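Let's take a friendly walk through how some helices pack and where some cysteines sit. Here is the model to keep beside you.

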Amino acid sequence: MCLLLGAAGVGKTLLVKRLQKLSSGDGKGDLGEPPPTRPTVGTNLTDIVAHRKITIRELGGCMGPIWSSYYGNCHSLLFMMDASNPTQLSASCMQLLGLLSAEELAKASVLILFNKIDLPCYMTMEEMKSLMRLPDIIACAKQNITTVEISARNGTGLATVLLWLQNQHRHSS
């Protein structure tokens, strides 16, 4: 199981739809226009086939207070942040710190996704890492943490996300 978490409106649902489309073909096809999405109320389960079936459980951003109810069977964690919304950064950082300190997630691999890099007002990964003091967070975390800049809208970085998922779930049951 892979958990997909992040604040409301960061692009989690679009990411899952895009990853599903990317993994369904040869991985080189045109993603086309972004499909319509609606805010997730509750949870969505989506299977991605990347050499093996990987189930992604997306939890709505408004469910943050009960995310911990879903940590139990988590092998990997995708944590999405909106790179175009600096006002949301500190709240996202607090959510991330909570996730990294959860005992049930101590062995989960973590991929931090800086989404919406297609927007003209986005912060670079280096700016976000600096503002969050991410190198300090990574140094103290028990988890293996990777970061990537993506655009769920235009597909930038999604092949990297799919490859990361494949690598994390290669030997899992």
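Helix 1 and helix 5 are roughly perpendicular to each other, a label given to angles of 65 to 115 degrees, with under 35 degrees counting as roughly parallel, over 145 as roughly antiparallel and the rest as oblique. Their axes come within 10 Å and cross at roughly 75°, helix 1 spanning residues 12-24 and helix 5 residues 158-168. Axes here are lines fitted to C-alpha atoms, for helices over the stretch in contact, and angles run from 0 to 180 degrees between N-to-C directions. Helices (H or I, at least four residues) and strands (E, at least two) are DSSP runs, numbered from the N terminus.

This is a predicted model: local features need pLDDT of at least 70 and side-chain atom pairs count only at pLDDT 80 or more, while totals for chains, interfaces and linings use all residues. Residues are numbered from 1 along each chain as its sequence is written, and side-chain values use heavy atoms, leaving out hydrogens and water.

On the helix 1 side, the contact (heavy atoms within 4.5 Å) is made by Leu15, Arg18, Leu19, Leu22 and Ser23. Helix 5 contributes Leu158, Ala159, Val161, Leu162 and Leu165.

Leu165, in helix 5, counts as buried at 0% relative accessibility. Buried means under 20% relative accessible area, exposed over 50% and partly exposed in between (1.4 Å probe, protein chains only). Leaving aside residues up to four places away in sequence, Leu165 touches Cys2, Leu19, Ile54, Ile56, Ser76 and Leu78.

What about the cysteines? A disulfide is a pair of cysteine sulfur atoms within 2.5 Å, and by this rule the count comes to zero. Two of the cysteines are set out below, each with a sulfur too far from the closest cysteine sulfur for a bond.

| Cysteine | Closest cysteine sulfur | Relative accessible area |
|---|---|---|
| Cys2 | Cys74, 6.5 Å | 0%, buried |
| Cys140 | Cys93, 12 Å | 70%, exposed |

Finally, helix 3 (residues 125-132) has Met125, Met128, Lys129 and Met132 buried. These four cover an arc of only 100° around the axis, so they lie on the same side of helix 3; the arc is that of the directions from the helix axis to the C-beta atoms. Glu126, Ser130 and Leu131, on the other side of helix 3, are exposed. The buried residues of helix 3 pack against several elements, among them strand 4 (76-82), helix 2 (89-100) and helix 4 (134-140). Just after helix 3 comes Arg133, with a positive phi of about 60°.
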